[in-house]
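Biologist: I should like to be guided through a structure that is new to me. May I see the sequence and the model before we begin?

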Amino acid sequence: MTTTQRATRAFAGALALLAVWGTSVVAQVGPGLIDPNVAAEGDLLPLPHMTPAIAKGMLERRPFATVIDLNKFLIDQKLTADQAREFYRKAFVKINLNTGARAEFLLIPGVGARMATELAEYRPWKTWAQFDKEIGKYVGQPETDRLKQYVFIPPG
């Protein structure tokens with residue numbers, strides 16, 4: 001069997017597993033966090049302040065390029081800023097640590113002006129070890145682990 005054939009079989013096997021597991025597994029962006037860009041309607045409905053109309057509108061509007069786009073959609077649906085923040089504790093569009101805007105970082109639950117500044121200050125982010133070291137100067141490991149649910153470091 002050639003390398004290409006092995007790769008093709010492995011890819012087909014991975015697709016089969018995804019089909020068996022269903023959309024909910026793919027929709028996870030962090031421990032317990034859902035990616036609203038791929039979540040099924042049934043995964044969105046139990047989220048805070050979701051109505052059938054908002055969930056359906058979200059499916060029709062996506063993909064959301066950034067959490068800013070998602071935030072605009074939710075506010076346009078008459079959610080308050082506090083309700084949107086509550087939603088973000090369960091579902092979020094991950095932010096690229098190397099290009100994310102301050103306004104995006106401020107939508108992460110619990111992130112204030114100082115942390116938003118720190119997240120941008122240490123760019124370019126290259127590894128999670130770097131993230132733990134630099135952000136760990138301001139918060140403990142449980143908080144750096146929590147923040148990692150909301151962000152990503154692009155491949156090298």
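Modeller: The questions and answers that follow concern helices, salt bridges and a nonpolar core in this predicted model.

Biologist: Which residues of helix 6 are buried?

Modeller: Helix 6 spans residues 81-88. Its buried residues cover an arc of only 100 degrees around the axis, which puts them on the same side of the helix. What covers them includes strand 2, helix 4 and helix 5. The buried residues of helix 6 are A84, F87 and Y88.

Biologist: With which residue does D82 form a salt bridge?

Modeller: An α-helix has 3.6 residues a turn, so residues three or four places apart point the same way. D82 and its partner both lie in helix 6, 3 residues apart, which is about one turn of the helix. The closest N and O atoms of the pair are 2.2 Å apart, and the partner of D82 is R85.

Biologist: Is D82 buried or exposed?

Modeller: A residue counts as exposed when its relative accessible area is over 50%. R85, the salt-bridge partner of D82, has a relative accessible area of 38% and is partly exposed. For D82 the value is 51%, so D82 is exposed.

Biologist: Which residues of helix 10 are buried?

Modeller: Helix 10 runs over residues 141-148. The residues in question pack against helix 8 (113-121), helix 9 (128-135) and strand 4 (151-152). The buried residues of helix 10 are T144, L147 and K148. Seen down the helix axis, these residues fall within an arc of 105 degrees, so they line one face of helix 10.

Biologist: Is K148 buried or exposed?

Modeller: Buried means under 20% relative accessible area. K148 has a relative accessibility of 18%, so K148 counts as buried.

Biologist: Which residues are linked with K148 in a network of salt bridges?

Modeller: One salt bridge joins the side chains of K148 and D145 at 3.5 Å, N to O; both residues lie in helix 10, 3 residues apart. Another joins K148 to D132 at 2.8 Å, N to O. This second pair links distant parts of the chain, with D132 in helix 9 and K148 in helix 10, 16 residues apart. The residues linked with K148 in the network are D132 and D145.

Biologist: How many salt bridges does the count come to?

Modeller: Side chains of opposite charge can pair when their charged atoms come close. The pairs already described include D82 with R85 and D132 with K148. The count comes to 7 salt bridges.

Biologist: Which helix gives the most to the largest nonpolar core?

Modeller: The largest nonpolar core has 38 residues, and those with the most contacts inside it are M58, L74, F87, Y88, F92 and I108. Strand 2 (33-34), helix 4 (52-61), helix 5 (67-76), helix 6, helix 8 and helix 9 each supply at least two of its residues. With 4 residues, the helix that gives the most to this core is helix 5.

Biologist: Which residues does I108 touch, not counting residues up to four places away in sequence?

Modeller: I108 is among the residues with the most contacts inside the largest nonpolar core. One residue that I108 touches is L147, which is a buried residue of helix 10. Not counting residues up to four places away in sequence, I108 touches F92, I95, L147, Y150 and V151.

Notes: Residues are numbered from 1 along each chain as its sequence is written. This is a predicted model: local features need pLDDT of at least 70, side-chain atom pairs count only at pLDDT 80 or more; totals for chains, interfaces and linings use all residues. Side-chain values use heavy atoms; hydrogens and water are left out. Buried means under 20% relative accessible area, exposed over 50%, partly exposed in between (1.4 Å probe, protein chains only). The arc is that of the directions from the helix axis to the C-beta atoms. Contact means heavy atoms within 4.5 Å. A salt bridge is a side-chain nitrogen of Lys or Arg within 4 Å of a carboxyl oxygen of Asp or Glu. A nonpolar core is a set of buried Ala, Val, Leu, Ile, Met, Phe, Trp, Tyr and Cys residues joined through side-chain atoms within 4.5 Å.
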